[in-house]
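I opened this notebook to record what I looked up in one structure. The entries follow the order in which I worked.

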Amino acid sequence: MAAACSRALWITSNWRRDNPLTIWERVEGIERLHVISNQPAITAKLIAEHGLKPDEYERLVKLIGRAPTFTELGIFSAMWNEHCSYKSSKIHLRTLPTKAPWVIQGPGENAGVIDIGDGLAVVFKMESHNHPSYIEPYQGAATGVGGILRDVFTMGARPIACLNALSFGDPDNARTRHLVSGVVAGIGGYGNSFGVPTVGGEMRFHRRYDGNCLVNAMAVGIAEKDKIFYSAASGVGMPIVYLGSKTGRDGIHGATMASAEFGADADEKRPTVQVGDPFSEKLLLEACLEIMAKGCVIAIQDMGAAGLTCSAVEMGAKGDLGVVLDLDSVPCRETGMSAYEMMLSESQERMLMVLKPEKEKEAEAIFRKWGLDFAVVGTTTPSKRFVVRHGGAVMADLPIKELGDEAPVYERPHTASARREIIAAAAIKPPLPSADALEKLIGSADLCSKRWVFEQYDHVILGNTVQRPGGDAAVVRVNEGPKALALTADVTPRYCEADPFEGGKQAVAEAWRNLSAVGARPLALTDNLNFGNPERPEIMGQLVGAIRGIGEAARALDFPIVSGNVSLYNETNGQAILPTPTIGGVGILDDFTASMTIAFKAEGESILLLGETVGWLGQSLYLREVCGREDGAPPPVDLAAERRHGEFVRSLIREGLVTAVHDVSDGGLLVALAEMAMVSRIGAVLEAPHGVPAHAFWFGEDQARYVLTTKDQGPVERRAKAEAVPLIRIGATGGWVLAFDDEWPLPVEALSKHFESWLPSYMAGSR
Amino acid sequence: MKSAVLVFPGINRERDMARALRLISGREPALVWHAETELPPGTDLVVIPGGFSYGDYLRCGAIAARAPIMDAVRAFAAGGGLVLAVCNGFQIACEAGLLPGVLMRNSQLRFICRDVYLRVERSDTPFTRGYNAGQVIRVPVAHGEGNYIADGETIARLEGEGRVLFRYSAPDGIIDPNWNHNGAINAIAGIVNERGNVLGMMPHPENHVEAAMGRTDGRGLFAGLVDHFKLAA
């Protein structure tokens, strides 16, 4: 904290020392409008430091008809950076399907909203906090969770669950352990204290994340359908109220930092990371929901990226209104803060609201009760200007609509990734017996148990967690039931790298499959697109390809995108991350007691495999972990088959014909079976069919597949035949070993030890 | 049974607790704000629930222990009223002087959320009459600071006077360091004060009270309390 302040102060005083008083009257021949003293000159260097390209600066000057003030430059840099403006991704994001009869609010608000019946709505979104988490893992991850929770309760929803998707560098990289430890503790530290269960997620390791870890946090809340709150202001002369924590000098330029690559100086960016206070956020939640219930609120917007600037502009612009802010009224944590600093601070746990004037006193009393700051800091005006006053001077006077709407939009050049060769299963000679390969896989960083992580998250608070972490999707009861939500977060970056289009499709399909596997009807998704530098055509090609794939899958599966976030420039010294479009999926169960789990339930049950298996080893974890190769084309995704198989599985679950269901994904069939065995401590006797090489059958990552168990195979087989769904028997449950082919049988207990030990021993430094 | 659940800023398991009390006692508990100075008239049971009161920023429970409502709670306990203090509530009760000892950081120095097994040491108290002595129950824990410790004399007294009501154990009831996730001395999970009317415990019985949600091991504690007041009436 102290470091953050001193750094910001130093910059300010340095600028001031170099640029005493009005020094910036002539910039490219354009005169300034306001007389503001003691501000730095707008030099090419300063413009570049604000992340604005020369042509973007020209556009800005043309737009306002003069040179900007220093504060205005800061405001523009906040509004026009990649993080806030989506300038590289916008035209591609527009192609995504966002509508369905059950969608109440698609992208463009704080979070997406869908109708789940009974007068209730689900509000959810996923957002990245990648750059801050790499610089300062605990606070970066914690404030990522805080930000996404605020997005959800800003809309009037009480958060009921969180998920996260984490990507870290090579386990052998010296920094990885430190990042894992800090990020996991930060996520837990915030969510546990705030009081929301963190019920699911995923975590992977790959050297391509060495310089940029990914922290994608998702929050899900429940609101009454007719009591959703939006950010558009309405009415002229309405009080704009500042609520929550005080404003400090932390996080200035956070969004700009998150819109640039890292160089060798990444550590020096620590002052741009904010510090989280989950206690204040919990108070803010309760206070906001209370004043919403009392009918005080016209519009509300949380102060996230680019803080006061972004929230005030958005509220005004969306409501076709102007905004006047009086910064002298902003509650500050430190003295002597400039307009520039206040407008760009990303101090956490703050909200901006437009209140009904007659309810102002009532709202204030509620905030005081919760011990939170409450200050009227502005009003709405009919002028469509964004005016910022401070110390008697006008520090900014800008056209409000254009600030957001006229942000540059780029159709950046993009080149498609080169097609990878399809690897025939027969061309891969198994280096190990399948039993050894299985042991190796489930003891690997990506496939091992993530218990060490999820035990640091309170996943049972609120008393509604039906399925805890470790299954295909988490299941959380809605209020007192009987409805429940199924929640998942998925992506397979190595597929996306090899083929962004198929990888994009696969991420959506896997989320859809995970929801189907617990018996839920998938409703909608949120996407969190993490990529490298979009100014490089090959990276832009990944983004474009993945968005196309996501769109195609979402359309085919009736699984609209209702919210999302784009994180670009995840690149260090020219090395980009694997393309990682994380998909957060939400599905609904009519009866939470009927949710399906992956555990074998009893001995002597039939094990069935649903879906076609050609033995696709390209880009499989078997190829990577066992054969030491990362190549080939990823498995293609047949969306029609996905849909048919998913619906078939759900109907079997609904009718009580199956006893366990598990989707087949990373690691392939044998890994899925081992997971089912380990969680139940029941073994299985398995047999590979003829026609596919055994190692490809057991470890291929063909899509659209599920493992099922049933007491009575006949009815399931008849149904599959009638509906032309491929289904074969691959064995039966029972015993205490996994026995297959003529391999040495593997005791389930020993497998579990393998599965559970990698992460704790790695984190203890003993691997 | 009329219960009052205290709400300090930052407390976050008050809803879980209120639901358990409602389901088992059939009566909605009163939620009592920290700034109050009196408990609702006729309160039978005071519950200090879990969470992060005041962010746990000074020391877990230290600020809440000095909140206005706590004087009323101390008076209530001094008069023999029953107080159930769970998780952060246990930490608050220790800080408030209602119970001896202190909860340190878990021995692994990490927050831990998982189901644990508790051996019920006695069944002849209002809090444990719903169980049998020696019975093992499974309930979740979710804390970073649950590692109970007190000076040797206090521990000897607690043990000598049978004031340890719950201990972390293996599923078969054996006390085993491998099943003591936070390193608490003598595997202590829950204790009562000298008079036996204030129980502090780290685990969350309120999260295992519904059959439809999977487990009901926590019901016994609340059902026992309901019986206790029924008999007293």
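The entries below concern a sheet, a helix pair and a chain contact in a predicted model.

**Entry 1: the sheet**

I began with the strand order in chain A. I found an open sheet of 7 strands, ordered 10-12-9-13-11-14-15, in which the pairing is mixed. I then asked which strands of chain A stand at the edges. They are strand 10 (297-302) and strand 15 (393-399) of chain A; each has a single partner strand, so one side of each is left without a neighbour in the sheet. I also noted the turn between neighbouring strands of this sheet, which is 20° on average with direction ignored.

**Entry 2: strand 13 and its partners**

I next followed strand 13 of chain A, which covers residues 373-381. In the sheet order, strand 13 is written between strands 9 and 11 of chain A. With strand 9 (residues 239-244) of chain A, strand 13 pairs in the antiparallel sense, over 6 bridges. I looked up one residue of this pairing: Gly244(A) has Asp373(A) in strand 13 as its bridge partner.

Strand 11 (residues 322-326) of chain A also runs antiparallel to strand 13, and 4 bridges join the two. Here I checked two positions. Gly322(A) stands opposite Thr381(A) of strand 13, and Val323(A) has Thr380(A) as its bridge partner in that strand.

**Entry 3: a helix pair**

How do the axes of helix 4 and helix 12 of chain A cross? I read a crossing of roughly 75° for helix 4 (residues 70-80) and helix 12 (residues 307-318), with the axes coming within 9 Å. Angles of 65 to 115 degrees count as roughly perpendicular, so helix 4 of chain A is described as roughly perpendicular to helix 12 of chain A.

I then listed the residues that meet. Helix 4 of chain A brings Ile75(A), Ala78(A) and Met79(A), while helix 12 of chain A brings Thr309(A), Cys310(A) and Val313(A). By class, I recorded 5 nonpolar residues, 1 polar and no charged in this contact.

**Entry 4: chain A against chain B**

Finally, I turned to the contact between the chains. I found 21 residues of chain A in contact with 22 residues of chain B. Which elements of chain A give two or more residues to the side that touches chain B? They are helix 9 (176-194) and helix 11 (278-293) of chain A. Helix 11 of chain A supplies the largest share of that side, 4 residues. I closed with the classes on the side of chain A that touches chain B: 9 nonpolar, 9 polar and 3 charged residues.

Key:
Residues are numbered from 1 along each chain as its sequence is written. Chains are lettered from A and ligands numbered from 1 in the order in which they are written. This is a predicted model: local features need pLDDT of at least 70, side-chain atom pairs count only at pLDDT 80 or more; totals for chains, interfaces and linings use all residues. Two strands pair if DSSP finds at least two bridges between them. Axes are lines fitted to C-alpha atoms, for helices over the stretch in contact, and angles run from 0 to 180 degrees between N-to-C directions. Angles under 35 degrees count as roughly parallel, over 145 as roughly antiparallel, 65 to 115 as roughly perpendicular and the rest as oblique. Two residues are in contact if their C-beta atoms, placed from the backbone, lie within 7 Å. Ala, Val, Leu, Ile, Met, Phe, Trp, Tyr, Cys and Pro count as nonpolar, Asp, Glu, Lys and Arg as charged, and the others, Gly among them, as polar.
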